[in-house]
Amino acid sequence: MIGELDQRASLQAKVLTPDGGGGYAESWQTFASVWVSVSPVGGSDTFGPDALESRVRHRLALRRRGDLAAGQRVLVGARSFKVHALLDEGPRAETVTLLCEELP
């Protein structure tokens, strides 16, 4: 499995910075650069009154780490993925799988 991690990726976490007016400005900060494999899982289209929204889901596999969480973001080249869930088989597993949705 480790040999299949063939794409370079950046792991990002959301950072909230006070804006001085009682609110917060949201930004993303890269906290690691890793190798991943990207596999499409499926997709769906949602039709609205004035729009078509497509969603594509992927599995991203990477070496197991302790600093991953749902809500983070993964950048692979020009593509961006939102992490919805982690599938972690425990401390003896070499890899962890992220269930993600590709962002437009």
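Student: Why is R79 called partly exposed?

Tutor: In this predicted model, R79 has a relative accessible area of 32%. Buried would require a value under 20% and exposed a value over 50%, so R79, at 32%, falls in between and is called partly exposed.

Student: What makes the pair E102 and R79 a salt bridge?

Tutor: The closest N and O atoms of E102 and R79 are 2.9 Å apart, and because the cut-off is 4 Å, the pair qualifies. E102 lies in strand β6 and R79 in strand β5 (residues 79–88), so this salt bridge ties together parts that are 23 residues apart in sequence. E102 is itself partly exposed, with a relative accessible area of 22%.

Student: How do you know whether E101 is buried or exposed?

Tutor: The relative accessibility of E101 is 16%, and since buried means under 20%, E101 counts as buried. Its side chain meets that of R55 in a salt bridge, with 3.6 Å from N to O. E101 lies in strand β6 (residues 95–103) and R55 in strand β3 (residues 52–63), so the pair ties together parts that are 46 residues apart in sequence. R55, for its part, is partly exposed, with a relative accessible area of 37%.

Student: Which residue forms a salt bridge with K14, and what distance supports the name?

Tutor: The partner of K14 is E26, and their closest N and O atoms are 3.7 Å apart, which is within the 4 Å that the term allows. K14 lies in strand β1 (residues 7–18) and E26 in strand β2 (residues 24–47), so the two tie together parts that are twelve residues apart in sequence. E26 is called exposed because its relative accessible area is 52%, and the cut-off for that word is over 50%. K14, at 45%, is partly exposed.

Student: Why is R73 not given a salt bridge?

Tutor: The nearest side chain of opposite charge, that of E26, is 7.0 Å away from R73. A salt bridge needs the atoms to be within 4 Å, so buried R73, which lies in strand β4 (residues 73–76), has none.

Student: What makes the link between R73 and Q12 a polar contact?

Tutor: The side chains of R73 and Q12 are joined at 2.7 Å, and because a polar contact has to be within 3.5 Å, that distance meets the limit. Leaving aside its neighbours within four places in sequence, R73 is also in contact with other residues, including W28, F81 and L103.

Conventions
Residues numbered from 1 in each chain as written. Predicted model: local features only at pLDDT ≥ 70, side-chain atom pairs only at ≥ 80, totals over all residues. Heavy atoms only, no water. Helix = DSSP H or I, 4+ residues; strand = E, 2+ residues; numbered from the N terminus. Buried < 20%, exposed > 50% of the residue type's maximum accessible area, 1.4 Å probe, protein only. Lys, Arg positive; Asp, Glu negative; His and termini not counted. Polar contact = N/O pair within 3.5 Å; in protein donor to acceptor, adjacent residues only side chain to side chain. Contact = heavy atoms within 4.5 Å.
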